[in-house]
Amino acid sequence: MIKNLIINENLENYIRENSYDLHPVQKDIIEYNNSLGNQKKMQVSVTQSYFFQFLIKTNNIKNILEIGTFTGYSALTMALSLPKNGKITCLDINEETSKKAINFFKKAKVENLIELKIGPALETLNQIKKQNLFFDMIFIDADKENYKNYYIECFNLLKSKGFILIDNVLWHGDVADPNKNDKLTNILRDFNSFLRKDDRIHRTILPLGDGITICRKI
Ligand SMILES: C[S@@+](CC[C@H](N)C(=O)[O-])C[C@H]1O[C@@H](n2cnc3c(N)ncnc32)[C@H](O)[C@@H]1O
């Protein structure tokens, strides 16, 4: 059987050394998140962020929607790959982490590319729907209980051939462990099997970070 690599800190550092240099403000956010203790796990991994940048640059992506911004690492990463006329709309419910994120966006001088809307994401999505806005790429990384709702709403906001990415779909590996039956593990299992039945998309689960599903609207 072919064995997949476990990406430990050494390998993550090796990937960093052989990819792009991180922007100084990306490094600042990582340092800040590390100071938060357990909460640092909220941030996407550096390998995931390289993948986002590759996807944005190679697919002429201009309009992005992010659900779940935290202190801004994933949003800043995506903004740094956008063309000058690109835009990211970010949704988050937490005022405190959103303020922190906005400060980092200003420090990196990309605040003109990012609009952060604070409030429960399902409500904000409803407003966006009324504005007839459509996106090339949507990244879902907020409360897992609403993943299915977010996906259903986001699919209608996605342009044809657009991408939806959903984080944490492997949930520390627990989704494949029959002994794990807690609420969130089961929510993610249900979500993964729900997505499997959607024939309006091409999709695959990538073992990057905590597992990320990438879907492309057919
Ligand atoms: C995993 S973190 C996002 C991490 C971020 N993408 C990054 O890479 O740094 C999840 C975020 O979702 C937000 N969130 C949780 N429930 C939400 C809701 N109902 N509506 C909007 N945002 C929500 C939290 O405040 C938190 O900042």
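## A pair at the middle of the sheet

Let's start with one pair of residues: Ile-67 has Ile-140 of β4 as its bridge partner. Keep in mind that this is a predicted model. The pair belongs to a longer match, since strand β1 (residues 63-67) and β4 run parallel and are joined by four bridges. Strand β4 itself spans residues 135-140, and five of its six residues are buried, so call it mostly covered.

β4 also pairs with strand β5 (residues 158-167), again in the parallel sense, this time over five bridges. Two examples give you the register: Met-137 has Phe-163 of β5 as its bridge partner, and Ile-138 is matched with Ile-164. To get from β4 to β5, the chain passes through helix α7 (residues 147-157), and this β-α-β crossover is right-handed.

## The whole sheet

Zoom out and you find seven strands in an open sheet, ordered β3-β2-β1-β4-β5-β7-β6, with mixed pairing. The edges are β3 (114-118) and β6 (201-206), each of which pairs on one side only. From one strand to the next, the twist averages 15°. Helix α5 (residues 95-107) packs on this sheet and touches β2 and β3, with its direction at about 170° to that of β3.

Where does the antiparallel part come in? Look at β5 and strand β7 (residues 212-217), which run antiparallel and are joined by five bridges. Phe-163 turns up again here: its opposite number in β7 is Arg-216. So that one residue of β5 has Met-137 as a partner and also stands opposite Arg-216. As for how covered β5 is, seven of its ten residues are buried, so the strand is largely enclosed by the rest of the structure.

## The crossover helix

Which residues of α7 are buried? They are Tyr-147, Tyr-150, Tyr-151, Glu-153, Cys-154 and Leu-157. As a reminder, an α-helix has 3.6 residues a turn, so residues three or four places apart point the same way. That's a handy thing to bear in mind when you look at the numbering in that list.

What do these buried residues pack against? The answer takes in three strands and two helices by name: β1, β4 and β5, along with α6 (121-130) and α8 (183-196).

## Around the ligand

The ligand has 19 residues around it, and the closest are Gly-68, Phe-70, Ser-74, Ala-121 and Ala-142. By type, the shell divides into nine nonpolar, seven polar and three charged residues. Helix α4 (73-79) and strand β2 (87-92) each supply at least two residues of that shell.

Ser-74 links this site to another part of the chain. Leaving aside residues up to four places away in sequence, Phe-52 touches Ser-74, Thr-77 and Met-78. Phe-52 lies in helix α3 (residues 46-58). Is Phe-52 buried or exposed? It counts as buried because it has 23 C-beta neighbours inside 10 Å, and the cut-off for that is 20 or more. For a sense of scale, the C-alpha atoms of Phe-52 and Asn-149 are separated by 23 Å, and the two residues are 97 apart along the chain.

## Loops and unusual backbone angles

Asn-85 is found in the loop between α4 and β2. With 8 C-beta neighbours inside 10 Å, Asn-85 counts as exposed, the limit being 12 or fewer. Its C-alpha atom is separated by 7.2 Å from that of Lys-62, 23 residues away along the chain.

Two other loop residues are worth a look for their phi values. Lys-109, in the loop between α5 and β3, has a positive phi of about 60° although it is not a glycine. It counts as exposed because it has 10 C-beta neighbours inside 10 Å. His-172 lies in the loop between β5 and α8, and its phi is near 55°, again positive in a residue other than glycine. With 12 other C-beta atoms within 10 Å, His-172 is exposed as well.

How values were computed: Residues are numbered from 1 along each chain as its sequence is written. This is a predicted model: local features need pLDDT of at least 70, side-chain atom pairs count only at pLDDT 80 or more; totals for chains, interfaces and linings use all residues. Two strands pair if DSSP finds at least two bridges between them. A crossover is right-handed if, with the strands pointing away from the viewer, the path from the first strand over the helix to the second runs clockwise. A residue is near a molecule or strand if its C-beta atom, placed from the backbone, lies within 6 Å of it. Ala, Val, Leu, Ile, Met, Phe, Trp, Tyr, Cys and Pro count as nonpolar, Asp, Glu, Lys and Arg as charged, and the others, Gly among them, as polar. Two residues are in contact if their C-beta atoms, placed from the backbone, lie within 7 Å. Axes are lines fitted to C-alpha atoms, for helices over the stretch in contact, and angles run from 0 to 180 degrees between N-to-C directions.
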